[in-house]
Amino acid sequence: MKMMKMMKMMVVLVLSCVLSVSADGLHEDIEIVGCSDSDGEDMYALDGEEMWYADFINKKGVEPQPSFIDHISYVEGTYESAEAKQQTCRQNLKVGLKAIKDIPLEFDPPSSPMIYSRDNVELGQNNILICHVTGFYPAPVTFYWTKNNKNVTEGTSVNVPFPNKDGSFNQFSRLEFVPQLGDIYSCSVGHQTLDQPLTRIWDVEKTQPSVGPAVFCGVGLTVGLLGVAAGTFFLIKGTSAADWSGLMMSPEGLSVRIRFTELWCHLPESHLESHHT
C-alpha cells in the first residue's frame, strides 16, 4: 500500500501552503501539478475553489472564477511557468517509474453522476446544467452531454480534476442551456475503470396546481369561522344581563375584543419543477 501511494505521488504532485492565519480562520492556497506521457495539469485553488488552470491545448491560462466574487488575476508568465513545470514533472515521472517497477496501479471508479441546474429553472431563461462525479482514480474522466438523445458539444466546459483528501479526484462539467418544456438532457461519464459510461438523465416538467392545498384551505377556513361563532355564543351566554348593564354604565364603557385567527391560504400557481433520475 505504501508503494502504491508513492506511485500516486510520482504522477500527481500537490503543493499546499497557508496564506494567512487570523481570527477569521485559515485560508489554504494550493497548486496542483500533474503529468503523464500524453497529458498534464497545472492548477491553483483557494479554499477549495479553482482560481486558475493551464489550458495546454490552447496554450493559455484560464481563470474560471464566478462573477459574484472579486476577480483575482495571476501575473504574466504564469502559463509559461506551468509549461516549464511539465517538463520537470515528466522527468521526475520517468525516474520514478524506473525506480519502482511492476507495481500495480490503483484504479477507483467514479461515483454515479449528480446533475443539477445552477439557478432555479424558468422556461426560456438562460441557465447552466452541472454534472459532478467524485471518488475516481486516476484522473481524468470524460463527460458526454445529450439533449433529446442528440449529442451536444456547444456550450460545454470541463474543469480540471480536483483532488480529494483520500487521494481520489472529483470533476465537474457544465452545459449552457435554455430550458424548454419537454426537453430531456443526459450527462454520461466515462473512465478507464468502467465497461460503459455512467449516465444520469435530467428533464424539465411543468406540474399542474394540486387540489389538495385548496381543499385543506377551505376546510381550515370553515373550522376557523365555526370556532369564532361558537366562542361569541358562549361569551354572550356566560354573561348575565346585570353584567352587561354594569359594563355599559361603567365610565370606561364596554370594550370587548374578539381576536380572529388569520388563516393564510397559499394556493400554488403553476410552477416549474426539475426532475432527474
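This passage looks at the disulfides and the aromatic ring pairs of the structure above, which is a predicted model.

We can begin with the sulfur links. Two disulfides are counted in the model. One of them joins cysteine 35 to cysteine 89, with 2.0 Å between the sulfur atoms. That spacing satisfies the cut-off, because a disulfide requires the two sulfur atoms to lie within 2.5 Å. The torsion about the S-S bond of cysteine 35 and cysteine 89 is about -85°, so this disulfide is left-handed. As for where the two partners sit, cysteine 35 belongs to strand S2 (residues 25-35), while cysteine 89 belongs to helix H2 (residues 78-99), so the bond ties together parts that are 54 residues apart in sequence. A strand and a helix are thus joined by this pair.

Are these two cysteines buried or exposed? Cysteine 35 has a relative accessibility of 4% and counts as buried. Cysteine 89 is buried as well, with a relative accessible area of 2%. Both labels follow from the cut-off, because buried means under 20% relative accessible area.

The other disulfide is formed by cysteine 131 and cysteine 187, whose sulfur atoms are 2.0 Å apart. The link of cysteine 131 and cysteine 187 is left-handed, with -90° about the S-S bond. Here both partners lie in strands: cysteine 131 in strand S7 (residues 127-136) and cysteine 187 in strand S13 (residues 184-190). Distant parts of the chain, 56 residues apart, are linked by this pair. Cysteine 131 and cysteine 187 are both buried.

Next come the aromatic rings. A ring pair is described by two values, the distance of the centres and the angle of the planes. The model holds nine aromatic pairs. One of these is made by tryptophan 52 and tyrosine 74, with ring centres 6.2 Å apart and planes at 40°. This pair is called tilted because its angle falls neither under 30 degrees, as for stacked rings, nor over 60, as for edge-to-face rings.

Which parts of the chain does this ring pair link? Tryptophan 52 is found in strand S4 (residues 49-55), and tyrosine 74 in the loop between strand S5 (60-62) and H2. The two residues are 22 residues apart, and the pair links distant parts of the chain. Their surroundings can be described too: tryptophan 52 is buried at 3% relative accessibility, whereas tyrosine 74, at 26%, counts as partly exposed. Ring pairs also bring in Tyr44, which forms a cluster with Trp52 and Tyr74.

Key. Residues numbered from 1 in each chain as written. Predicted model: local features only at pLDDT ≥ 70, side-chain atom pairs only at ≥ 80, totals over all residues. Heavy atoms only, no water. Helix = DSSP H or I, 4+ residues; strand = E, 2+ residues; numbered from the N terminus. Buried < 20%, exposed > 50% of the residue type's maximum accessible area, 1.4 Å probe, protein only. Phe/Tyr/Trp six-rings, centres within 6.5 Å; stacked < 30°, edge-to-face > 60°.
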